[in-house]
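Trainee: I would like to go through this model step by step, starting with the contact between the chains.
Mentor: Put your questions one at a time.

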Amino acid sequence: MKVIIDENKCVGAGQCVLAAADVFDQRDEDGIVVLLNPLPPDDLGAQVEDAALRCPALAIEVVK
Amino acid sequence: MTATQPTTRTQPTVRTCPFDLPEEYRTLREQDPIIQGTLPDGVPGWLITRYEDVRAVLADPRFGASRPRMVGGDADGATPAPPPGTFIFLDPPEHTRFRRLLTGRFTVRRMQQLTPAVEEIVAERLDDMARAESPVDLVQAFALPVPSLVICELLGVPYADREEFQRNSATMISLTASPEAFQEAREAMRQHIHRLVLAKRADPTDDILSELVQTGELTDEELAGVGSLLLLAGHETTANMIALGTMCLLRNPEQVAALRADPTLMDGAVEELLRYLTIVQFGLRRVAREDVELHGHRIKTGSVVVAALSSGNRDSTQFADAPDQLEVGRKYSPHLAFGHGIHQCLGQQLARVEMKAALGALFKRFPTLRLAVPEEDVPMRHDMLVYGVHELPVTW
Ligand code: SF4
């Protein structure tokens, strides 16, 4: 599983951090998403999919 | 799908039970996912009620947020331009400029770091309440002061001025306020923040307004607009979630018992209360920036579309398991209470921290908490854009 984020779309809502804190974080200065792990292990799959679904700005893409 | 004549009617507003939506929403979701009609304040528009449609429209850049009045406009529904800095009514790229300046101040981490400070405020309010003679009005004693103290502290607004800005906030979201009263309240709020901005420019303190002043990115006018917006949003929403959430939990004692038995349910309970209560009761408005086709109807450029968050949050296609019931153990599924798309609530992490701290401590401190009046006598906020209770008399 590969995760791609689009920083330009991100509105800093933090939904991804709530859903999958091992994979996503937010920059302190502007709250924009930081990808901690672009290739998360399979057992985080459900959390990552949840993050992508919750993201209000459609800034997270999951490629399988 | 073939285009039929759109049904025309008024957006449903009348609830028979305080915790149920107007019954029409169910029929609309099932049979008429888009109708043309009149909104509670008389503005003509389209109403969409299904979860999927609400999400799609709110995430669709063809629908903008600069829009006609919600309350307090001219009689013909024309838009008085929102004051500078009112970024919830701006589209990109202007919206992006404001949002980017603010998001770093409301991240998950920063808000979670506030938890001890919020818990302290909660504990002090509860101490005061315990000393008071019951019954007390939970709104004035607890639900309003908690978010009010927190947002004042965060923004750097003196809490001593609360009477004035709490009154102005309330007028600004009342469906029954006259346009003059609305403008007057908005102006008073702006001037108040404007004076603070000038003071902080001269003598910065440790708060969001001072930080924003120091970025040098915004004019004083814009700062006054942003500050008013954050102050308003920080009050009305969380206060009503705490008060209405309490009333809701009181009528579901088995859910409170479940929370007591397993405090780890609290995160989920907060999400479920947000979904179930969806206090932005009449939905969010967008304006078509080009002609858009939806369920076979052509939404013409400039038309208003109302995305009914509350209806979407009761849609059984998304919340399969008894969507009209509060179920604190419900498996999480993204709800619409904070909206969706680029305008999704900036303060949502703060709201979560406050609700968790407030509801958790309230039921722990007052295990025998109950309504002091019959439920029918609780004055509900049918007349406000943000639903909730005007007063909640409780005893213990
Ligand atoms: S959920 Fe989306 S918009 Fe929010 S911080 Fe994460 S990537 Fe950005």
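Trainee: Which side chain of chain B meets Asp25(A) in a salt bridge?
Mentor: This is a predicted model, and every value here is computed from it. The rule accepts a Lys or Arg side-chain nitrogen within 4 Å of a carboxyl oxygen of Asp or Glu. Here the N to O distance is 2.5 Å, and the partner of Asp25(A) is Arg109(B).

Trainee: How many salt bridges does the rule find across the interface of chain B and chain A, and how many residue pairs in polar contact?
Mentor: The pair Asp25(A) and Arg109(B) is one salt bridge, and the rule finds 2 across the interface. For polar contacts, both residues must be at pLDDT 80 or more, and the number of pairs is 14.

Trainee: Which helices of chain B each supply at least two residues of the side that touches chain A?
Mentor: By class, that side of chain B has 5 nonpolar, 9 polar and 5 charged residues. The helices that each supply at least two residues are helix 3 (94-103), helix 4 (108-113) and helix 15 (348-365).

Trainee: What area do chain B and chain A bury between them?
Mentor: The contact takes 24 residues from chain A and 19 residues from chain B. Carbon and sulfur atoms account for 46% of the buried area, which is about 1800 Å².

Trainee: In the open sheet of chain B, what is the strand order?
Mentor: The sheet has 6 strands with mixed pairing, and their order is 1-2-3-9-6-4. Strand 1 (8-10) and strand 4 (63-64) each have a single partner strand, so one side of each lacks a neighbour in the sheet and the edge strands are 1 and 4.

Trainee: In strand 9 of chain B, which residue is the bridge partner of Val287(B)?
Mentor: Strand 3 (residues 44-48) runs parallel to strand 9, with 3 bridges; among the pairs are Leu47(B) with Val306(B) and Trp46(B) with Val305(B). Strand 6 (residues 284-288) pairs with strand 9 in the antiparallel sense over 4 bridges. In strand 9, Val287(B) has as its partner Val304(B).

Trainee: Are the side chains of strand 9 of chain B buried or exposed?
Mentor: Val304(B) and Val306(B) point one way from strand 9, while Val305(B) and Ala307(B) point the other way. On either side, these residues are all buried.

Trainee: Which elements of chain A do the buried residues of helix 2 pack against?
Mentor: In helix 2 (residues 45-54), the buried residues include Val48(A), Ala51(A) and Arg54(A). The buried residues pack against strand 1 (2-5), helix 1 (15-19), strand 2 (24-26) and strand 4 (60-63) of chain A.

Note on methods:
Residues are numbered from 1 along each chain as its sequence is written. Chains are lettered from A and ligands numbered from 1 in the order in which they are written. This is a predicted model: local features need pLDDT of at least 70, side-chain atom pairs count only at pLDDT 80 or more; totals for chains, interfaces and linings use all residues. Side-chain values use heavy atoms; hydrogens and water are left out. Contact means heavy atoms within 4.5 Å. Buried area is the accessible area (1.4 Å probe) that two parts lose on being put together, summed over both. A polar contact is a pair of N or O atoms within 3.5 Å; within protein, one must be able to donate a hydrogen and the other to accept it, and residues adjacent in sequence count only if both atoms are side-chain atoms. Ala, Val, Leu, Ile, Met, Phe, Trp, Tyr, Cys and Pro count as nonpolar, Asp, Glu, Lys and Arg as charged, and the others, Gly among them, as polar. Buried means under 20% relative accessible area, exposed over 50%, partly exposed in between (1.4 Å probe, protein chains only). Two strands pair if DSSP finds at least two bridges between them.
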